[in-house]
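Visitor: Could you take me on a close look at the nonpolar core and the aromatic rings in this protein? I am in my first year, so please explain the terms as you go.

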Amino acid sequence: NYLKGLIKYACILFTCSIIFSMSACGGKKDEEPAKTVEKEVAKTVTPESTKATSSDITSEVQRNREKWLAHGISDYEIEMQKICYCVPEVVRMMVFEVKDDKVETVRYADTGDEVDPQHYGDFNTIEGMFSFVEQALEKNPADLSIAYDEKYGYIKELSVDFKENIADDEISIIASNMRPR
């Protein structure tokens with residue numbers, strides 16, 4: 001009886017997680033993704049290629065960080081969205097207002113409501129995203145994909161899967177509409 005109850009409970013949890021994942025994706029079935037005018041430069045590190053290309057990826061991250069720093073922008077606004085198996089408050093698109101390379105305010109893009117600091121994590125600035133990538137590379141991730149803004153060099157898209165055989169450890173971040181202030 002205990003085993004039957006445990007199996008039933010596991011099935012219910014699994015079904016609920018599938019339903020939650022599908023409802024969290026949102027969007028309309030026939031809706032096309034927004035077109036991007038900016039060109040992207042992307043690199044992917046996979047388990048087979050991590051050791052061979054890790055230094056290349058590190059060099060590319062450094063090159064784009066230097067491009068970002070060369071613009072001398074420390075006051076800006078940027079939209080960011082984290083994509084993960086997280087609570088809804090964490091995965092909503094947020095607008096970060098940054099002054100002197102520090103977060104000044106964060107609000108939800110759809111409502112303008114202020115975001116509780118516990119919901120936006122450590123990589124909430126452009127420099128924070130570069131630091132996050134460096135830390136991720138030190139952990140030798142199973143998969144890492146990065147796309148950079150061609151003009152400014154900041155990370156526009158980031159996707160990390162730390163362990164290939166562990167579910168729900170993936171993190172993706174989309175950054176867009178950076179505007180110097």
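Guide: Happily; we will start with how the model was made, then visit the core and the rings.

This is a predicted model, in which local features need pLDDT of at least 70 and side-chain atom pairs count only at pLDDT 80 or more, while totals for chains, interfaces and linings use all residues. Residues are numbered from 1 along each chain as its sequence is written, and side-chain values use heavy atoms, with hydrogens and water left out.

The score pLDDT is the predictor's confidence in each residue, from 0 to 100. Its mean over the protein is 76, with 70% of the residues at 70 or more. Helix α1 (residues 2-25) has the lowest mean among the elements, 44, and β3 has the highest, 95. Helices (H or I, at least four residues) and strands (E, at least two) are DSSP runs, numbered from the N terminus. Where pLDDT is low, the predicted coordinates should not be read in detail.

Now for the core. A nonpolar core is a set of buried Ala, Val, Leu, Ile, Met, Phe, Trp, Tyr and Cys residues joined through side-chain atoms within 4.5 Å. Buried means under 20% relative accessible area, exposed over 50%, and partly exposed in between (1.4 Å probe, protein chains only). The largest such core here has 34 residues, and W68, I78, I146, L158 and M178 have the most contacts inside it. Elements that each supply at least two of its residues include α2 (50-70), β2 (76-83) and β7 (171-180). Helix α4 gives the most, with seven residues. Take I78: leaving aside neighbours within four places in sequence, its contacts (heavy atoms within 4.5 Å) include M94, F96, Y154 and M178.

F96 leads us to the rings. Rings of Phe, Tyr and Trp (its six-membered ring) pair if their centres lie within 6.5 Å; planes under 30 degrees apart count as stacked, over 60 as edge-to-face and the rest as tilted. The whole structure has four aromatic pairs. F96 and Y120 are edge-to-face, because their planes stand at 90 degrees, with centres 5.6 Å apart. This pair links strand β3 to the loop between β4 and α4, 24 residues apart. F96 is buried at 3% relative accessibility, and Y120 is buried at 18%.

F132 and F162 are also edge-to-face, at 6.4 Å and 90 degrees. They join helix α4 to the loop between β6 and β7. Lastly, ring pairs link W68, Y76 and Y154 into a cluster.
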